[in-house]
Amino acid sequence: MNKWMNTVTALLCLGFAMQASAKNCTEVRAGIDMGSGTTKIQVSEVNVCNRTLGKVLFSQERPIGFNEDLAESGNNQLTPAIQQQGMTTLKALVSQAEKFHPKRITGVATAVFRAASNGQQVIRQFNQQAHVTIRIITQKQEAELGFISAKAALNDPKLKDSDLLVWDIGGGSMQMTTYDRIDGFKTPEIYEGKLASVSLKDMVIEVMMNKNLTQVNSPNPIGSLAGEILRFVNFYARTHVPAEIKQAAKSRKVVGIGGVHGYSIKEQLHPLNNQYTAADLDRVAQVKINQTDAQLPGDYRATDVTNLLLVEGFMQALGIPQVTLVKANLIQGILLK
């Protein structure tokens, strides 16, 4: 009887120890991705022992037109008006996140803050007033964070880094990231592109339509310009993307993340099993190129149609057969760091 009781006691102690260990490994964290056109926040449980993501407790995003503001400022600085909008929005998002008592609130700022001459100053003010820790990261760091986020979201332990090419498109930059073994070391191969959602839209307005960005914020309806835009994007991709990435794009699983893939493309295509082809993009684009802003839904209507052409042009140029959409941005990587 004593032996049986000792066994039960030992098992109970082991169970309590495992529960305590699991609890000690779990930490609530908040992550912020302050992009060129959208600011996102997420609060999640994180297993800090095995570096995996747990339950998402809160997630929200808000459009803030930092990139458009910078393009129209005339002095390469973010204006006081957009700074105020950014601060108000950030404080509101952080206030919501704090209800879940995160141990830390950290984040990153990307392309537009790298480009603006007062970008560092703006982020410093955001940190001080919203009581967060946001840092401006390089495009290479952005690409590597995006890869970590995408792989975490896929949650497939069988997938190796060398099986994937992660394609991240935001408002002001585009990254394509994969990994190869070079001289025995796992080495990232990264395309750091400047042609992205807002930058293409602005180029269409200024160059192809010959209009002033301070007066015109949308190129819609695109109409007969669609073919010219597609040819430009195709040429740009063929001449700017390095050979290593071109090869990977044809043979590896291409995973689309970021605002353009996760929201703009997904909401317009509603792809089956979160997978789409260039033909799917073309089918929807042929309808939408003739629609005005009043006919297009959502907060990002000014870039939605050019986004379709941007992604289609790159897929054509690089021979990408299919893209798999994953609900990921930089936040998953931020939370795991």
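**Exercise 1. Work out which residues of α10 and α12 meet, and how the two helices are set against each other.**

Step 1: list the contact, taken as heavy atoms within 4.5 Å. From α10 come V260, H261, S264, I265, Q268 and L269, and they meet D304, V305, N307, L308 and V311 in α12. Helices here are DSSP runs of H or I with at least four residues, strands are runs of E with at least two, and both are numbered from the N terminus.

Step 2: sort the residues by class. Ala, Val, Leu, Ile, Met, Phe, Trp, Tyr, Cys and Pro count as nonpolar, Asp, Glu, Lys and Arg as charged, and the others, Gly among them, as polar. The contact of α10 with α12 then holds 6 nonpolar, 4 polar and 1 charged residues.

Step 3: add the geometry. The axes of α10 and α12 come within 10 Å and cross at roughly 100°. Axes are lines fitted to C-alpha atoms, for helices over the stretch in contact, and angles run from 0 to 180 degrees between N-to-C directions. Angles under 35 degrees count as roughly parallel, over 145 as roughly antiparallel, 65 to 115 as roughly perpendicular and the rest as oblique. Therefore α10 is roughly perpendicular to α12.

A word on the source: this is a predicted model, in which local features need pLDDT of at least 70 and side-chain atom pairs count only at pLDDT 80 or more, while totals for chains, interfaces and linings use all residues. Residues are numbered from 1 along each chain as its sequence is written, and side-chain values use heavy atoms, with hydrogens and water left out.

**Exercise 2. Describe how α11 packs on α10 and on α12.**

Step 1: take α10 with α11. Their axes come within 10 Å and cross at roughly 80°, so α10 is roughly perpendicular to α11. Here I265, Q268 and L269 of α10 meet D280, L281, V284 and K288 of α11. By class, that contact divides into 4 nonpolar, 1 polar and 2 charged residues.

Step 2: turn to α11 (residues 278-288) and α12 (residues 301-318), which pack at an angle of about 150° with axes 9 Å apart. These two helices are therefore roughly antiparallel. In this contact, A278, L281, D282, V284, A285 and K288 of α11 meet V305, L308, L309, V311, E312 and M315 of α12. The class count is 9 nonpolar, no polar and 3 charged residues.

**Exercise 3. Trace the strand order of the 6-stranded open sheet and place α6 against it.**

Step 1: read the order, which is β8-β7-β6-β9-β11-β10, with mixed pairing. Two strands pair if DSSP finds at least two bridges between them. The edges are β8 (185-193) and β10, each of which pairs on one side only.

Step 2: look at one pair. Strands β6 (residues 164-169) and β9 (residues 253-257) run parallel and are joined by 5 bridges. One partner of D168 to check is I257, its bridge partner in β9.

Step 3: add the helix. α6 (residues 139-154) packs on the sheet and touches β6, β7 (174-182), β8 and β9. Its direction makes about 80° with that of β7.

**Exercise 4. Find where the backbone departs from the common pattern.**

Step 1: recall that most residues other than glycine have a negative phi, and most peptide bonds are trans.

Step 2: check phi. H131, not a glycine, has a positive phi of about 60° and is found in the loop between α5 (119-130) and β5 (133-136). N273 has a positive phi near 60°, in the loop between α10 (258-269) and β10 (275-276).

Step 3: check the peptide bonds. N220 and P221 are joined by a cis peptide bond, with omega about 0°. P221 lies in the loop between α7 (197-208) and α8 (225-240).
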